[in-house]
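Work through the exercises below with the sequence and the 3D view side by side. Each task is followed by a solution that goes step by step.

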Amino acid sequence: MSSPVVVNAFTSMISVNGKEDMMTELFPNNILADLDLSQSSASFNPPLTVSNPGEGLRVRPLCLEDYERGFLELLGQLTSVGNISWEEWEVRFQAMKECQGTYYVVVIEDVNLARVIGAATLVAEKKFIHSCGLVGRLEDVVVSDVYRGKQLGKLVVAVTSLLATKLGCYKITLNCNDKMIKFYNNMGYKSEDGNANYMCIRVQGKPREPQA
């Protein structure tokens, strides 16, 4: 298996088992290449990297072709998705792609099965406050129940959190249920006073938002 090679800002030629496929990316794959998991609050044992997330696995952006690779079925393990047609999928994908610098859906693919088995969404929200700063929102984190216990939840959260920092977000936020608070604490997120389910990483060196 060779590594993805960026052909232009939104398309990669990916080779799997000697077969090359052109993939239409939501955002350029090379943005992920230099993310260093050792800079995350998470610990990985055995160690994982973005380029080596586990045997037969690949971390990459969501692609248009993932409609046929089980992405929507994976989201169905998290919440209700609905019966989305190819046409609806393509329209929404292209609309998100056109909002450059906003939507970053990171997926984990089992390259042997050509199936998406993990995902998380980072939304970079543009603000006027803090010198037109950015706030990262982490959403729709899911790993296939068949692949749980392989550190992939930690992996996809660490990748998206590091990506938010790389993009210049002054904080990264999420909402979670009670049973996930400990997990996100271990990933560096802290509960806000008065709302334990709203969690946040404040990026060192970035301004702290005034409390309402």
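**Exercise 1.** Decide whether F93 is buried or exposed, and then do the same for W89.

*Solution.* The classes come from relative accessible area, where buried means under 20%, exposed means over 50% and partly exposed lies in between, with a 1.4 Å probe and protein chains only. F93 has a relative accessibility of 3%, so F93 counts as buried. W89 has 7% relative accessibility and therefore counts as buried. This is a predicted model, in which local features need pLDDT of at least 70 and side-chain atom pairs count only at pLDDT 80 or more, while totals for chains, interfaces and linings use all residues. Residues are numbered from 1 along each chain as its sequence is written, and side-chain values use heavy atoms, with hydrogens and water left out.

**Exercise 2.** Find where W89 and F93 lie, and classify their ring pair.

*Solution.* Helices are DSSP runs of H or I with at least four residues, strands are runs of E with at least two, and both are numbered from the N terminus. Helix α2 (residues 86–98) holds both W89 and F93, which are four residues apart, about one turn of the helix. Rings of Phe, Tyr and Trp (its six-membered ring) pair if their centres lie within 6.5 Å, and planes under 30 degrees apart count as stacked, over 60 as edge-to-face and the rest as tilted. Seven aromatic pairs are counted by this rule. For W89 and F93 the ring centres are 6.2 Å apart and the planes stand at 35°, so this pair is tilted. Ring pairs also link W89 and F93 with Y67, F71 and W86 into a cluster.

**Exercise 3.** Describe the open sheet by its strand order, and identify the strands at its edges.

*Solution.* Two strands pair if DSSP finds at least two bridges between them. The open sheet has seven strands, in the order β4-β5-β6-β7-β8-β10-β9, with mixed pairing. At the edges stand β4 (57–61) and β9 (190–192), each with a single partner strand, so one side of each has no neighbour in the sheet. As an example of the pairing, β9 and β10 (residues 195–202) run in the antiparallel sense over three bridges, and S191 has M199 in β10 as its bridge partner.

**Exercise 4.** State how many helices and strands the chain has, and what share of its residues is buried.

*Solution.* The chain has five helices and ten strands. Of its 212 residues, 48% are buried.
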